Each structure stands twice: as C-alpha cells, then as structure tokens.
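Here is a protein model to explore from the inside out. Have a look at the sequence and the 3D view, then read on for a tour of a few spots.

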Amino acid sequence: MLFDHLTKQLGKPRQGPWGWMVKTFLERKSRLLEVNAVKLCDIQPESVVLEVGFEPGLGLQEAAKRLTLPKGKLYGLDYSEYMYHVASRRLQPDIQTGKVTLFHGSVEQIPLEDNVVDRVFHCNCYYFWPTLQSGCREIYRVMKPGIVLS
C-alpha cells in the first residue's frame, strides 16, 4: 500500500506530506539528470525551449541560465498542480521578466502554437503520459521542422 501511494505521487505529486517527500526526493536525485538533459539540448542564447514534466523546476532553472538574449524563451508544462506551484516559486524572477512561462496541464494539449519550439526535453515523465503516441504527436506539433527531441 505504501509503495502504491508513493508511485501515484511520483506520477502526479500533490501538496501534503507525500508530495513534499516526492519533491524532496526529486530535488536530491534528479538534478544531475536534469542538468545533463539540458546539456544534450544544446540550448543557444536565443532558443525557444520546452520542458515537459518539469517536476520541481531544476531543469528549467538550468535551461533559463543559457537563454541570455532577449529572444530566448523557456516554456514548461507539468501535470501536477503542486509541482507547477513549486517551480513557479523557484523561477519567479524569470517568470516576471517574461523569459519563462509555465503551464499546468497535459502533454496531450500543449498550449502553444504550431512550430514554435526549437528545443524540447523531458526527464522521468513519459511513462506517466496518458498515451505515448498522443504525447509525442503533440510535442511534434509544437516543434519547429527539423528539430530533434532530447
């Protein structure tokens, strides 16, 4: 029963003791994975980037550092309302300047126009998507032609 509860929290952490435990675990154990995913994206100063399933926002923080020119833009999408609020607090200065925009929602309905993103990354999340096919189709829709998913 304990394992089942933790597994559900990993897929969609909620505010409370269990959600806090998952957030703390992710902050401690996912940093290296998130940093390396950002490195693989080869984010340029003017890139338009999307992270799907941003968890507590560690990858977003790393990606935001690389967007040093005014056209650089970072979008994040997460299914968990709790993680959305955690990351919003973490990235508040970049949100206020307009460099970062976060969305609470599903990978099946990304609230972006077609062909706007030139870098996409995610960590530890595709197995929580409703269906892999619909999630990939939606990511492909927002990606500029010729872009590779990291």
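Let's start at L60. Setting aside residues up to four places away in sequence, L60 touches E51, F54, L74, Y75, G76, A87, L91 and L102. Keep in mind that you're looking at a predicted model, not an experimental one.

L60 also belongs to something bigger: the largest nonpolar core, which has 17 residues. I43, L60, L74 and F121 are the ones with the most contacts inside this core. Three elements each give two or more residues to it, namely α3 (31-41), α4 (58-66) and β3 (100-104). Apart from this core lies another one, made of 16 residues, and V52, F103, W129 and I139 are among them. As background, nonpolar side chains in soluble globular proteins tend to be buried together.

Now for the helices. Two packed helices are described by the angle between their axes and the distance between the axes. For α3 and α4, the axes come within 8 Å and cross at roughly 35°. The crossing of α3 past α4 is right-handed. On the α3 side, the residues that meet α4 are R31, E34, V35, V38 and K39, and their partners in α4 are L58, G59, Q61, E62, A63 and R66. Sort the residues of this contact by type and you get four nonpolar, two polar and five charged.

What about disulfides? The count comes to zero. C41 is in no disulfide: the nearest cysteine sulfur, that of C123, is 8.7 Å away. A disulfide here needs two cysteine sulfur atoms within 2.5 Å, so that pair doesn't qualify.

Is R119 buried or exposed? R119 counts as buried, because its relative accessibility is 19% and the cut-off for buried is under 20%. Here is how R119 lines up with the two cysteines just mentioned:

| Residue | Relative accessibility | Status |
|---|---|---|
| C41 | 4% | buried |
| C123 | 5% | buried |
| R119 | 19% | buried |

R119 sits in strand β4, which covers residues 119-122. Leaving out neighbours within four places in sequence, R119 is in contact with C41, D42, I43, Q44, S47, V48, V49, L50 and I147. That list links back to earlier stops: C41 is one of the cysteines in the table, and I43 is one of the residues with the most contacts inside the largest core. R119 and E51 are 68 residues apart in sequence, yet their C-alpha atoms are 8.5 Å apart in space. You've met E51 before, too, as one of the residues that L60 touches.

How values were computed
Residues numbered from 1 in each chain as written. Predicted model: local features only at pLDDT ≥ 70, side-chain atom pairs only at ≥ 80, totals over all residues. Heavy atoms only, no water. Core = buried A, V, L, I, M, F, W, Y, C linked by side-chain atoms within 4.5 Å. Buried < 20%, exposed > 50% of the residue type's maximum accessible area, 1.4 Å probe, protein only. Helix = DSSP H or I, 4+ residues; strand = E, 2+ residues; numbered from the N terminus. Contact = heavy atoms within 4.5 Å. Axes fitted to C-alpha atoms, helices over the stretch in contact; angles between N-to-C directions. Left-handed = near helix turned anticlockwise from the far one by under 90°. Nonpolar A, V, L, I, M, F, W, Y, C, P; charged D, E, K, R; others polar.
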